[in-house]
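Student: I would like a close look at a single part of this model, with the cut-offs behind each term spelled out. Please take one segment and then work outwards from there.

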Amino acid sequence: MIRRPPRSTLFPYTTLFDLMAKVYDVPADVLIGKLAEILKNEDIPAPSWIPFVKTGAHADKPPQNRDWWHTRCASIMRKIYLHGPIGINELRKDYGGGKPSGYGAAHHKDAGGAIIRNAIHGLEKLGYLEKVEKKGRVVSKQGMQKLDRLSTEILKEMIVENPQLKVYT
């Protein structure tokens with residue numbers, strides 16, 4: 001992953017924008033975990049078939065984490081923020097994995113499309129994603145604000161723990 005330099009080296013003067021952190025500035029696992037907790041409290045519907053499905057043809061078992069649906073929704077939202085506009089087939093490739101085939105090397109299998117489609121539709125109903133014709137989905141203004149504010153909160157918590165991270169604000 002390519003990290004961009006801290007904003008303080010790009011812009012020598014302090015502006016209002018220097019106070020906001022972006023999704024690029026915080027660790028993915030922390031952001032996805034906190035966003036999943038937020039999405040749990042919001043009205044994102046989890047389909048009734050969630051406890052029974054695998055995530056794709058490459059998986060042997062269903063996910064063991066009970067809250068995996070909200071984690072996947074948060075992960076999809078972050079991925080669309082970083083790489084949007086992105087379509088469902090691209091996301092299927094990203095979430096897929098290797099499936100062993102006998103004694104040979106593993107072959108890539110795409111993830112299931114229904115999980116990704118339902119997650120995207122739920123995020124669109126909340127107003128966090130928008131569809132761009134013939135290109136895929138992008139994060140809406142409301143979704144971008146939510147992710148940027150959450151990133152700023154996470155970065156402030158990380159600065160309290162490790163003051164050397166102050167250069168990223």
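Tutor: Let us start at Leu-165, which is found in the segment after α6; helices (H or I, at least four residues) and strands (E, at least two) are DSSP runs, numbered from the N terminus. The model is a predicted one, in which local features need pLDDT of at least 70 and side-chain atom pairs count only at pLDDT 80 or more, while totals for chains, interfaces and linings use all residues. Residues are numbered from 1 along each chain as its sequence is written, and side-chain values use heavy atoms, with hydrogens and water left out.

Leaving aside neighbours within four places in sequence, Leu-165 is in contact with Met-158 and Ile-159, where contact means heavy atoms within 4.5 Å. Leu-165 also lies 8.2 Å from Leu-155, C-alpha to C-alpha, with their positions 10 residues apart in sequence.

The helix before this segment, α6, runs over residues 141-161, and its 21 residues reach 30 Å from the first C-alpha to the last, close to the 30 Å expected at 1.5 Å a residue; the expected span is 1.5 Å times one less than the number of residues. Both Leu-155 and Ile-159 are on the list of buried residues of α6, which also holds Gly-143, Leu-147, Asp-148, Leu-150, Ser-151, Thr-152 and Ile-154. Here buried means under 20% relative accessible area and exposed over 50%, with partly exposed in between (1.4 Å probe, protein chains only). The cover over these buried residues of α6 includes two helices, α2 (28-41) and α3 (68-83), together with the strand β4 (136-139).

From β4 one can step back to the loop that joins β3 (129-132) to β4, where Lys-134 lies. Phi of Lys-134 is near 65 degrees, a positive value in a residue other than glycine. Is Lys-134 buried or exposed? Lys-134 counts as exposed because its relative accessibility is 81%.

To set this part in the whole, the chain has 6 helices and 4 strands, which follow the pattern α-α-α-α-β-β-α-β-β-α along the sequence. Of its 169 residues, 37% count as buried, and among contacts between residues at least 6 apart in sequence, 60% join residues at least 24 apart.
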